[in-house]
Amino acid sequence: MRDVVDELIWDEAPKQASAVAVFDAPELVADALTLTPDVRVFCDDWRDASLVDPDLLVEHPDDLHGVDVALSRLPKSLAALDEQAAAVQGAPDVTFVGGARIKHLNRSMNEVLNKHFTAVAASLGRSKSRVLRAWGPENQESDWPKVRMHEDFGFAVAAHGYTFGGTKIDPGSRLLMMALAGGGRTPSLEANDVLDFGCGNGTLSMRLAKDGLNVSARDVSWSAVAGTSVAAEVNGLDVDASWGAGLDGFEDDSFDAIVTNPPFHQGVAKDTTDTLAMFD
């Protein structure tokens, strides 16, 4: 049985389109293909993307430019919503249809969509879910990714809309960097080949690469990996960032050390599931 949010998005979606963008909603791809063969899918989470025909996946949100219908499982992050709305500009008219559980909706989402569209309206609620529909593109250019220099650490951090923490350096990463330098109860890190596991915005990768280590970075979020790659380029550092789940693709004994500031949240909700899987 289809999820009620997906069902509501499809029911509210236009039934004519020449090109359709689908965000984070693998179950809607088959429906979108009934409208047009030009269906372009972006999933930030590698696990969602793995459910989609690879030929339909885009390499970058910018590849969605010019569609006339966009279907989205609304992200909790306003920055992610902003990047979605910016990515689908370009056609003379485009309709954006995004759905979520009502408890995850807020008026700030309307404001973000109003930045990119002339009109925004909410559907009637159904099974504690609702759709936001936006139309009339303003055709503002996307300003993603964003880059911020942190003079106190001597490197820049970059982020796409979905990147957890944006371009900030969170307290956990600050504490871990201090510990890696020998500022805690343990000796400083001694290693050559290191993996930043769950790299987020790449803060730890930048620190380790700046210290001269051979750094690989892995995250299940496309935005995290893309942001880390951008930061490495901006900083003139070499980091091998890859998008995927767990340690798939890495040989046994590939690294001298694994460092991680693991995720303890899914969006705004506390959730240790991914972290426990990483530790396993």
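Asp 253 lies in the loop that runs between strand E11, residues 239–243, and strand E12, residues 257–259. I should say at once that the model before us is predicted. In this model Asp 253 is exposed, because its relative accessible area is 80%, and the cut-off for that word is over 50%. The backbone of Asp 253 also deserves attention: its phi is near 60°, a positive value in a residue other than glycine. For context, most residues other than glycine have a negative phi.

A second residue of this kind is Asn 139, which has a phi near 60°, again positive and again in a residue other than glycine. Asn 139 is placed in the loop between E6 and E7. Is Asn 139 buried, exposed or partly exposed? Its relative accessibility is 40%, so Asn 139 counts as partly exposed.

The loop between E6 and E7 also holds Pro 145. The peptide bond that joins Trp 144 and Pro 145 is cis, with omega about 0°. As a general point, most peptide bonds are trans.

Directly on the far side of that loop we may turn to strand E7, which spans residues 146–150. His 150 is found in this strand. His 150 is buried, because its relative accessible area is 5%, where the limit is under 20%. Which residues are in contact with His 150, leaving aside neighbours within four places in sequence? They are Phe 155, Ala 156, Val 157, Thr 167, Lys 168 and Ile 169.

Let me now step back to the protein as a whole. It contains nine helices and 14 strands. Its radius of gyration is 20 Å, close to the 19 Å that the globule rule gives for 280 residues, so the protein is as compact as a globular protein of that length. Along the principal axes, the C-alpha atoms fill a box of roughly 60 × 40 × 35 Å. Buried residues account for 48% of the 280 residues. If we take contacts between residues at least 6 apart in sequence, 59% of them join residues at least 24 apart.

As for the surface, the protein exposes about 13,900 Å², and carbon and sulfur atoms supply 49% of that area. On the charged side chains, there are 23 positive and 44 negative ones, and the centres of these two sets lie 11 Å apart.

I turn next to the interior. The largest nonpolar core has 26 residues, and those with the most contacts inside it are Phe 23, Leu 74, Val 88, Phe 96, Leu 113 and Phe 117. Which elements each supply at least two residues of this core? They are strands E1 (20–23), E4 (95–101) and E6 (129–137), together with helices H4 (78–87), H5 (107–116) and H8 (222–235).

Phe 23 shows what surrounds one of these core residues. Leaving aside neighbours within four places in sequence, Phe 23 is in contact with nine residues that I shall list: Phe 42, Leu 64, Ala 70, Leu 71, Ser 72, Arg 73, Gln 84, Val 88 and Phe 96.

Ala 21 is found in strand E1. Ala 21 is buried, because its relative accessible area is 0%, where the limit is under 20%. With the same neighbours in sequence left aside, its contacts are Arg 40, Leu 64, Val 67, Val 69, Ala 70, Leu 71 and Val 88. Between Ala 21 and Gly 236 there are 34 Å in space, C-alpha to C-alpha, and the two are 215 residues apart in sequence.

Finally, I come to strand E10, residues 214–219, where Ser 216 is found. Ser 216 is buried, with a relative accessible area of 12%. Beyond its neighbours within four places in sequence, Ser 216 is in contact with Val 194, Leu 195, Asp 196, Asp 240 and Phe 255. Arg 218 is found in strand E10 as well, and Arg 218 is buried, with a relative accessible area of 6%. Arg 218 and Trp 10 are 208 residues apart in sequence, and their C-alpha atoms are 33 Å apart in space.

Gly 212 sits in the loop between helix H7, residues 203–210, and E10. Gly 212 is exposed, at a relative accessible area of 60%. The C-alpha atoms of Gly 212 and Leu 237 are separated by 9.1 Å, and the two residues are 25 apart along the chain.

Notes
Residues are numbered from 1 along each chain as its sequence is written. This is a predicted model: local features need pLDDT of at least 70, side-chain atom pairs count only at pLDDT 80 or more; totals for chains, interfaces and linings use all residues. Side-chain values use heavy atoms; hydrogens and water are left out. Helices (H or I, at least four residues) and strands (E, at least two) are DSSP runs, numbered from the N terminus. Buried means under 20% relative accessible area, exposed over 50%, partly exposed in between (1.4 Å probe, protein chains only). Contact means heavy atoms within 4.5 Å. A nonpolar core is a set of buried Ala, Val, Leu, Ile, Met, Phe, Trp, Tyr and Cys residues joined through side-chain atoms within 4.5 Å. The radius of gyration is taken over C-alpha atoms; the globule rule is 2.2 Å times the number of residues to the power 0.38. Accessible areas come from the Shrake-Rupley method with a 1.4 Å probe; for residues, only the protein chains shown count as cover. Lys and Arg count as positive and Asp and Glu as negative; His and the chain ends are not counted. The place of a charge is taken as NZ of Lys, CZ of Arg, CG of Asp or CD of Glu.
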